Amino acid sequence: MNHRAYIALGSNLGDRVSEIERSCNLMDASGEIHVLRTSSLWETKAMYVLDQDNFVNGVCEIETSLSPIELLDQLQSIEKTMKRVKVIDKGPRNIDLDILLYDEITFSNDRLQVPHALMLEREFVLRPLCELIPSQAPPTSPFNTFSDYLKALPAPEIPISPMTPLAPSLSPITANHTHRKTHVMSILNLTPDSFSDGGKNYHVDTSVLTTTMKSHIAAGATILDLGGQSTRPGAVQVSAEEELARVLPAIDLIRSIPEATNIAISVDTYRSDVAAAAIQKGADIVNDVSAGLMDERMLGTMAELGCTVCLMHMRGTPETMNELASYPDGVVETVGRELLGRVQAAEAAGVRRWRIILDPGIGFAKTQEHNLELLRRLHELRNYPGLQGLPWLVGTSRKAFVGRITGVKEAKERTWGTAAAVTAAIQGGADIIRVHDVEEMGQVARMADAVWRV
């Protein structure tokens, strides 16, 4: 496969994200196309034919053994497999696959024109393309980059944003929209030894756990994060079998609760086997504190599962991380650079960019000053080159640095300090806050949203 091409992806019928993901999977399955990277997905209003639903658009970078016409034939075969019906030109369709670029050549006949004839006038093409190759120029105009063309387009009335799916029943995160709502992720540790609430939900009666889940949902949690393995410093590492025995019944329980119909389930694990079993059981998100570093199979498993994933910054393991909190280049620069490396590794393994959430790893291989600087400068981290547009999860709840600053020794009593840290995270642009005290932090998030999300 010695040819490089860029394919525009679009859908405005059915489950639009799923249709685009299916098209990418079919490309990979063809044996003649390999998807190397994907852009984010962007929701935009229809152009040309305006009386139709919004489109979801993206771009994928591929390598292929096919010639331009053979590639066109293969893409049209995929559209046919997906039962695309073209009612009118530029009208509604469940999938639309167009060749934008092929190597650095120009090609034209009655079926295909490369570069794509209209790509330079379409923000929904240029913006995702600029996530992949911002400094590259089209062969027809080698003195202007794709970023130059994007900047030259008139500003839209409503700026568009990438979208990150959480669960089929939840609206996606739109990280560039200033009016977006902060998601509250409820921590449900199913362990006997977590740092602040170990044992609270461990081996408790089902009715008690159900009441806890319902109370978190009623207080505003939209994501329930299940943990079957503590990641506090020095925690005993249990077997994957024990971790699954703690997590899987809780997934079944959530799925049995009517109030949880519109709730996403996240599984907090660094083990690929646990991630796979949890997603197959009904979870929606894999939340890995090691971003795939503690299990070499994790990134590939995430790609196979096709679920949304959270990649957190950490160094070493929970046992060694506190010895690795040295950032001579600055904590924001280094965390950004190291997280970018994990994003690139995830993409190389097949994880789609639109499925990635990031976490700066407050308290993991960080000193108190590092934690505070990350909160102060989260807006800079969000704009780190290569990470723009990705959503961020921030977890400060009851952590030790909050206790040291406020003088509160008992973790469960660090509510006020946590509230201040949560407010700072939302001001900095966090899309998800991960918390123990759901009712209190739900109120904090709603107030902070009213101030900052306008």
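A compact globule built from 454 residues would have a radius of gyration near 22 Å, and because the protein has 23 Å, its value agrees with that expectation. This is a predicted model, and the values below are computed from its atoms.

**The whole protein**

Taken along the principal axes, the C-alpha atoms fill a box of roughly 75 × 45 × 40 Å. The protein has 14 helices and 16 strands, and 57% of its 454 residues count as buried. Among the contacts with a separation of 6 or more, 70% are accounted for by residues 24 or more positions apart along the chain.

**Strand β1 and its partners**

Strand β1 covers residues 3–11, and seven of these nine residues are buried, so the strand is largely enclosed by the rest of the structure. It pairs with β4 (residues 55–64) in the antiparallel sense, through nine bridges, and it also runs antiparallel to β5 (residues 96–102), to which six bridges join it. The table sets out these two pairings, with one pair of bridge partners for each.

| Partner of β1 | Bridges | Bridge partners |
|---|---|---|
| β4 (residues 55–64) | nine, antiparallel | A5 and I62 |
| β5 (residues 96–102) | six, antiparallel | I7 and I99 |

**The largest pocket**

Rolling a probe the size of a water molecule over the atoms shows where empty space is left. The largest pocket in this model has a volume of about 800 Å³. It is lined by 36 residues, of which R93, D96, D98, H116 and R122 are the closest to its centre. Several elements each give two or more residues to this lining, namely β1, β4, α2 (68–81), β5 and α3 (123–132). Strand β5 gives the most, with five residues. Which kinds of residue make up the lining of the largest pocket, and how many are there of each? The lining divides into 16 nonpolar, eight polar and 12 charged residues. The strands β1 and β5 therefore appear in two parts of this report, since β1 is joined to β5 by six antiparallel bridges and both are named among the elements of the pocket lining.

**A residue in helix α5**

Elsewhere in the chain, S215 lies in helix α5, which spans residues 206–218. Is S215 buried, partly exposed or exposed? Its relative accessible area is 37%, and because partly exposed covers the range between 20% and 50%, S215 is classed as partly exposed. Its C-alpha atom is separated by 20 Å from that of G228, and these two residues are 13 residues apart along the chain.

Note on methods:
Residues numbered from 1 in each chain as written. Predicted model: local features only at pLDDT ≥ 70, side-chain atom pairs only at ≥ 80, totals over all residues. Heavy atoms only, no water. Helix = DSSP H or I, 4+ residues; strand = E, 2+ residues; numbered from the N terminus. Buried < 20%, exposed > 50% of the residue type's maximum accessible area, 1.4 Å probe, protein only. Pairing = 2+ DSSP bridges. 1 Å grid on protein atoms, 1.4 Å probe; cavity = no way out; pocket = protein on both sides within 12 Å on 5 of 7 lines; lining within 4 Å. Points joined across faces, edges and corners; volume = space filled by probe spheres on them. Nonpolar A, V, L, I, M, F, W, Y, C, P; charged D, E, K, R; others polar. Rg over C-alpha atoms; globule rule 2.2 N^0.38 Å. Contact = heavy atoms within 4.5 Å.
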